[in-house]
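I opened this notebook to keep track of what I looked up in one structure. The entries below follow the order of my reading.

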Amino acid sequence: EFMVGDIMCEQISPKNKKSEEHAVLYAHGGGYITGGIAYARILAVKLCMATGFTVYSFAYSLAPEKPYPAALNDAEAVWNYLTDSRYAPEKILIAGDSAGGNLALCLTQRLKACGKTLPARLLLFSPWTDMTASSPSYEQHENDDPILTKSYVTEAARAYLRDVTRAKDPLFSPLYGDLSGFPPVYIMVGRNEILLDDSLRLKQAVEEQG
């Protein structure tokens, strides 16, 4: 464990690294209202074992106590820490599940808007890309999703945004933002998830924007 400012972080390294130059920055899920280092560790370890790279996770600020943009600011702070003489930006993969997938996308969009070098890849697991919760899969898989419900997602969005009338803003819903010039994006999602359409629509948008 280590600190970046007041952000608790954790570094997990494989016994046999495939590369000293590459790393993964992993943002955990939890709807921006739950989660932390212990929560992140399970998937962080699996990412470490699968890639052979060192994985960095971090306990970003949670709503409702710290709504947007606190979590995004934390993610950028950790990114800056890693890219400040530790790793080249183009050697870092950003991974995230659910809200962490949202954070990975929003961070990449912020870096792009600032003219900064983008990460090597995005690894997204059931990313939350549209905070309006308006896609058909939210209704179609309400009773099939093993983890999430539409009411949970909408309440999480309310806590994170404070003003849900702005839920379609690309600042929070990266599906509607600029995805051109993005690095390669890997998306994994279950066919019975309420977030299925968030992934399918993201794939379509990424491909349409090149």
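What follows are my notes on the ground rules, helix α1, the nonpolar cores and the salt bridges.

**Ground rules.** I noted that this is a predicted model, in which local features need pLDDT of at least 70 and side-chain atom pairs count only at pLDDT 80 or more, while totals for chains, interfaces and linings use all residues. Residues are numbered from 1 along each chain as its sequence is written, and side-chain values use heavy atoms, with hydrogens and water left out.

**Helix α1.** I took helices (H or I, at least four residues) and strands (E, at least two) as DSSP runs numbered from the N terminus. Helix α1 covers residues 37-51, and its 15 residues reach 20 Å from the first C-alpha to the last, close to the 21 Å expected at 1.5 Å a residue; the expected span is 1.5 Å times one less than the number of residues. I also found that α1 bends by about 30° at L43, the bend being the angle between axes fitted to the seven residues ending there and the seven starting there.

I then asked which residues of α1 are buried, where buried means under 20% relative accessible area, exposed over 50%, and partly exposed in between (1.4 Å probe, protein chains only). They are I37, A40, A44, L47, C48 and T51, and what covers them includes the strands β2 (7-12), β3 (23-27), β4 (54-58), β5 (92-97) and β6.

After α1 comes G52, whose phi is positive, near 80°. G52 lies 8.5 Å from K15, C-alpha to C-alpha, although 37 residues separate the two in sequence. K15 sits in the loop between β2 and β3 and is exposed, with a relative accessible area of 85%.

**Nonpolar cores.** For a core I used a set of buried Ala, Val, Leu, Ile, Met, Phe, Trp, Tyr and Cys residues joined through side-chain atoms within 4.5 Å. The largest has 52 residues, and those with the most contacts inside it are L25, Y32, F58, L103, L107, W128 and M131. Helix α3 (residues 99-113) gives the most to this core, with 7 residues. I followed F58 further, counting contact as heavy atoms within 4.5 Å: leaving aside neighbours within four places in sequence, its partners include I7, L25, I37, V78 and L103. A second, separate core of 13 residues includes C48, F53, L93 and L123.

**Salt bridges.** How many salt bridges are there, if one is a side-chain nitrogen of Lys or Arg within 4 Å of a carboxyl oxygen of Asp or Glu? The count comes to 12.

I looked first at R201 and D130, whose closest N and O atoms are 3.1 Å apart. R201 lies in helix α6 (residues 196-208) and D130 in the loop between β6 (121-125) and α4 (137-140), so the pair ties together parts that are 71 residues apart in sequence. R201 is partly exposed at 29% relative accessibility, whereas D130 is buried at 1%.

Within helix α6 I found E207 paired with K203 at 2.9 Å; being 4 residues apart, they are separated by about one helical turn. E207 is exposed at 52% and K203 partly exposed at 44%.

K17 and E20 also form a salt bridge, at 3.4 Å from N to O, with K17 partly exposed at 33% and E20 exposed at 60%. My last note is that E1, E10 and R41 are linked in a network of salt bridges.
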